[in-house]
Amino acid sequence: MKSSDQPRANSLKIPILVVAGALVLLVLAWLPGQQQPMQQRPYLDVQISYDSGNRRLAQVADDLRYRMNTHHGYRLLTENMVIPEEYLLHDVVIELNEEAGTLYLRALVDNQPIEVNGPAGAASSLSAKLFSLINSTLEQA
């Protein structure tokens, strides 16, 4: 009888090892990984100031707001939002001006100045460049 029991015992080893391995992986998946809450995307507090009577500046401000709202790398802070102290918050202050046919787009990103200027006809490319520079500054922070 021992010779017939030997193949049956060997044939059960592999399924038992597979089930045991799966159970170990499931237990590891349920264990907590980190004790602190992990922030995936930092919060961004954006303030844009411009002359609301200037249509071109209003369009640039709308374009910047749209780009900020749809960017996947961070979340915009809203008025009634409360965030925990351990979460990262970046301050972005943007000032838009037009003087003598030249647009001046200035930003302070966590107190680091950024400036883009150019002809008023290039408003969309200027806002795209400012947005790109703001993102680069935020990535370095």
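A residue counts as buried when its relative accessible area is under 20%, and as exposed when that area is over 50%. Keep those cut-offs in mind as we walk through this predicted model.

**A buried histidine**

Let's start with His90, which sits in strand E3. Is it buried or exposed? With a relative accessibility of 4%, His90 falls under the 20% cut-off and therefore counts as buried. Which residues does His90 touch, once neighbours within four places in sequence are set aside? Its contacts are Pro42, Tyr43, Leu44, Asp45, Asp110, Leu138 and Ala141.

**The chain as a whole**

Stepping back, the protein chain has three helices and five strands. Read from the N terminus, they follow the order α-β-α-β-β-β-β-α. The chain has 141 residues, of which 25% count as buried. Among contacts with a separation of 6 or more, 56% join residues that lie 24 or more positions apart.

**Helix H2 and its two faces**

Helix H2 is a good place to look next. Its 16 residues, at 1.5 Å a residue, should span 22 Å, and the C-alpha atoms at its ends are 23 Å apart, so the two values agree. The buried residues of H2 are Leu57, Ala58, Val60, Ala61, Leu64 and Met68. Because these residues cover an arc of only 160° around the axis, they lie on the same side of H2. On the face turned away from that buried side you will find the exposed residues Arg55, Tyr66 and Asn69.

What do the buried residues of H2 pack against? The partners are four strands and a helix, listed here with their residue ranges.

| Partner of H2 | Residue range |
|---|---|
| Strand E1 | residues 43-49 |
| Strand E2 | residues 75-76 |
| Strand E3 | residues 89-99 |
| Strand E4 | residues 102-109 |
| Helix H3 | residues 123-140 |

**The largest pocket**

H2 also takes part in the largest pocket: helix H2 (55-70) and strand E1 (43-49) each supply at least two residues of its lining. The volume of this pocket is about 160 Å³. Its lining is made up of Val46, Gln47, Ile48, Arg65, Met68, Asn69, Leu76 and Leu77. By character, five of the lining residues are nonpolar, two are polar and one is charged.

Two of these names have come up before. Met68 lines the largest pocket and is also among the buried residues of H2. Asn69 is part of the lining too, yet Asn69 is one of the exposed residues on the face of H2 turned away from the buried side.

Terms used. Residues are numbered from 1 along each chain as its sequence is written. This is a predicted model: local features need pLDDT of at least 70, side-chain atom pairs count only at pLDDT 80 or more; totals for chains, interfaces and linings use all residues. Side-chain values use heavy atoms; hydrogens and water are left out. On a 1 Å grid over the protein atoms alone, a cavity is a set of points where a 1.4 Å probe fits but cannot get out, and a pocket is an open set with protein on both sides within 12 Å along at least five of seven lines; lining residues have an atom within 4 Å of a point. Grid points are joined across faces, edges and corners, and a volume is the space filled by probe spheres set on the points. Ala, Val, Leu, Ile, Met, Phe, Trp, Tyr, Cys and Pro count as nonpolar, Asp, Glu, Lys and Arg as charged, and the others, Gly among them, as polar. The expected span of a helix is 1.5 Å times one less than its number of residues. Buried means under 20% relative accessible area, exposed over 50%, partly exposed in between (1.4 Å probe, protein chains only). The arc is that of the directions from the helix axis to the C-beta atoms. Contact means heavy atoms within 4.5 Å.
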